[in-house]
Amino acid sequence: MWLALSGLCAAVLSLAGVYLYLDPQVPKAETYRHVRLETPLRVYTADEQLIAEFGERRVIPVALPDVPDLFIRALLDTEDKRFYEHSGVDFWTLTKSALELVWNMGEITRGGSTITMQVPRNIGTFSLDQVFIRKFKEILLALKMERELSKDEILELYINAIPFGKGAYGAQAAAYTYYGKPLSDLSLPQLAMLAGIPQAPTAGNPINGPERAIDRRNLVLRRMLEQNSIDQAAFDAASRAPITASLHGRDLDVPAAFPAEWVRRELVSRYSDLYTGGYEVVTTLRSDLQRAADTALRKGLLDYDRDHGYRGPEDQLTIDEENPLTEDRVRGLLATMTTYGGLAPAVVMSVDAEAARVIAAGNPTPITLDLDAVRWARTLIDQDTRGPVIRAVNEVLTAGDLIRVQYRGKLAPQTGEDPTDAGSDDTPVAAAEPVDTWRLAQLPEIQGAVVSLHPGTGAVLALAGGFDFGMNQYNHALQAARQPGSGFKPFVYSAALDAGVTPASIFMDAPLVFDDQNLESEYRPDNDNNRYNGPTRLREALYRSINLVSMRVLLEVGAGRILDYVPRFGFDTATFPRNTQLAIGGGTMAVTPIDMVTAYSVFANGGWLIQPHIIRSVRNLEGEEIYRPRYPIVCEECEEETLAADGGTDLITGEPATLEDLFADDAPAIPTDAAPVGGNGDPAPPLPEIVLRPLPATRAIDPRNAWVMSSMLRDVIRRGTGIRARRALARGDIAGKTGTTNDAADTWFNGYHPDVATTVWVGFPNHQALGAAEYGSNRPLPIWIEYMQAALDGVPETLPDQPPGVVTRKIDPATGMLANAGNPDAIFEYFLEEHVPAGEAQPVEDPEDVLKAVDIF
């Protein structure tokens, strides 16, 4: 007896010692009431459409009342059938595990853990090694948790924390990952499949280990049957059900990887837990315009690619006795490939003169490519030359070709008959039913960018940095430093206006010769079309994009003065040439699309330099706004005004906003309702007006200069190289300028409306020429038009008022001087009031100037 008593005392003392040793290492149970699950960074548009997620874990919290009862029963019947009865530790199961611990010399080969004991492990509180110390810690913490938290709180935490493989943590995330829908929409076999995964989330999920997953699912179903959670009929039907799981990506409302990556880079140094802290970033993007930008850019790049010819298949599959061309083989290959920009990988199975039978990734049945689908695919010889016209499908395709195909939608078959023609009995011929239609395609080698912003705030409305982010992560909108070509001329002309030149000033459009002893031969710049127009007004020279006039403007104003002037538009002139190439955006000049749209915004907003930005606010996991950066805005009078709490209209969304929305940075909310009651119980007096210090944009150029330049750039649309936009958009309040560099290595269109400024660039990453017939007006401009049709939909036509100090006079278009009263050819022109020309004609230059290599600064 004494021996037994001594043993009991020793055991009690040992347990007490273990408790005293381990208890300080165990966290307080209360911390689990407010546990922060590792939640990915989510990025949204201004209208709360999800565009991206960053983080290894996919977490979608779900409240316990929203979890199907069958799933709860599946978990409890399998993992912890006495969950609602024990106090955190199931001593019966634990005793069996303890005996196993002794039998296996200190190692536990299977659990005795309750759901409460598993919660800390799944949240990462303890190591995953099954050792004696960890088990004791789990027991101590489970007992603590059961005293502090309710059973439902513990179960909800468990359901949201357990791993399900494939990056999914929590049951709701698992439902979307494997079935593409919420838990509430899953069937019994699907719920049982999910309930069986946590035992082996990597090897036992239905994607990695389908056979093991089926066995585990059926075990879950048997446990449910044993506990009377389901009846025999439900068990029989569910256990015979096939696997219906497949991998579903994270559902995005508007996939926009290029702007999302910009957001990530902006915040990665600000938050150390950026990918796990559950932050939500609201951007300045508009979802409709982001879709429009991506669609327009891809269409424009694919149009160029088709127009210049077919480069051939991506690969050719070996076909012989040992490697027959079977559907299983092909689908296995296609499953390893990625669809980019809507162009699906596909393999030609058979082909003849009339059609090819093709298996495409993601399409359950073979598709047909007829002659119309491949007619464009004349062989690419070089950017200006293609092979002969295609007359048969098998001239283009061969069995075993690995190609790309593009879905074109449901189109009526091309029968060659007019469906409105009447038959012999005067009965109209029925129109053919539309069918799914595909076209041969290829991944474009050419790239491009679209970037659009609000000229008054700098808020980026849309950004497309390339054809497809998965194919090439280089963001051409932000990173591609290229020659701007003629798109830079407006800044040279603005500098000229600042120096006293007027839109009516006459410059000679005639050959220029630069004689420099340092060169082997004379430098003779010319116009793009090798034509010369003689005396030309500055306004006409801009809308016709005449190179030699731009050079003469630079020679008159001075390159030094221009280089001192153009930084007002935000340009870094470190790479800018210090010669006549500056006048035409050539030489060593390098600017990005976002540089160009920022600069053109100065014209659009009346002469203010804004800062392009994409982050509007950041929220924490609880949905509280924790960061709202400040950016300069166009705000002519705000420096002197005392502003009320009502901030008017949000410049990005058009919704009502407080001044805090526009200007605050990590500031407390500005109250807009009644103040709290005073100390005596009476209502406090009304809130006084609030004086804030907004960040006004910097005045870059004279507003009169900006207005006159905009009138000249509207002429580019009305009668110049951008006339295609006038015909398509049918409005007079848009302005812009094309840009094309030597050999069309870079092509641009930069344009704006008072509320939207947009730049489009198209070119090859390796700077090769696009082709002799390529200009800014026939590649970037159509992309700009398609995007601006969406951006200006429903926006009324508006023109800025003519500012004080700008006067209108009639001039003689031949001389640029004020016109006589009776001159029938007189036209109106705008002038800064101090630069109105005299009434006499000014002399023009000789048809050909020979200029020595003098200092043009």
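This is a short tour of three residues, S550, D743 and A744, in a predicted model.

**First stop: S550**

Start by selecting residues 547-557, which form helix α18, and pick out S550 within that helix. Is S550 buried or exposed? With a relative accessible area of 0%, S550 is buried, because the cut-off for that label is under 20%.

Next, add Y493 to your selection and show both side chains. A polar contact of 3.1 Å links the side chain of Y493 to that of S550. To see the wider surroundings, which residues should you add, setting aside those within four places of S550 in sequence? Select K489, Y493, A583 and I584: S550 is in contact with each of these. Y493 therefore appears twice at this stop, in the contact list of the buried S550 and as its partner in the polar contact.

**Second stop: the loop between β25 and β26**

Now move to the loop that runs between β25 (735-740) and β26 (746-753), and select D743 there. D743 is exposed, its relative accessible area being 62%. If you display backbone torsions, look at phi: for D743 the angle is near 60°, positive although the residue is not glycine. Most residues other than glycine have a negative phi.

**Third stop: A744**

Stay in the loop between β25 and β26 and select A744. What is phi of A744 near? The angle is near 55°, again a positive value in a residue other than glycine. Turn on a surface here: A744 counts as buried, at 4% relative accessibility, whereas D743 is exposed at 62%.

Notes: Residues numbered from 1 in each chain as written. Predicted model: local features only at pLDDT ≥ 70, side-chain atom pairs only at ≥ 80, totals over all residues. Heavy atoms only, no water. Helix = DSSP H or I, 4+ residues; strand = E, 2+ residues; numbered from the N terminus. Buried < 20%, exposed > 50% of the residue type's maximum accessible area, 1.4 Å probe, protein only. Polar contact = N/O pair within 3.5 Å; in protein donor to acceptor, adjacent residues only side chain to side chain. Contact = heavy atoms within 4.5 Å.
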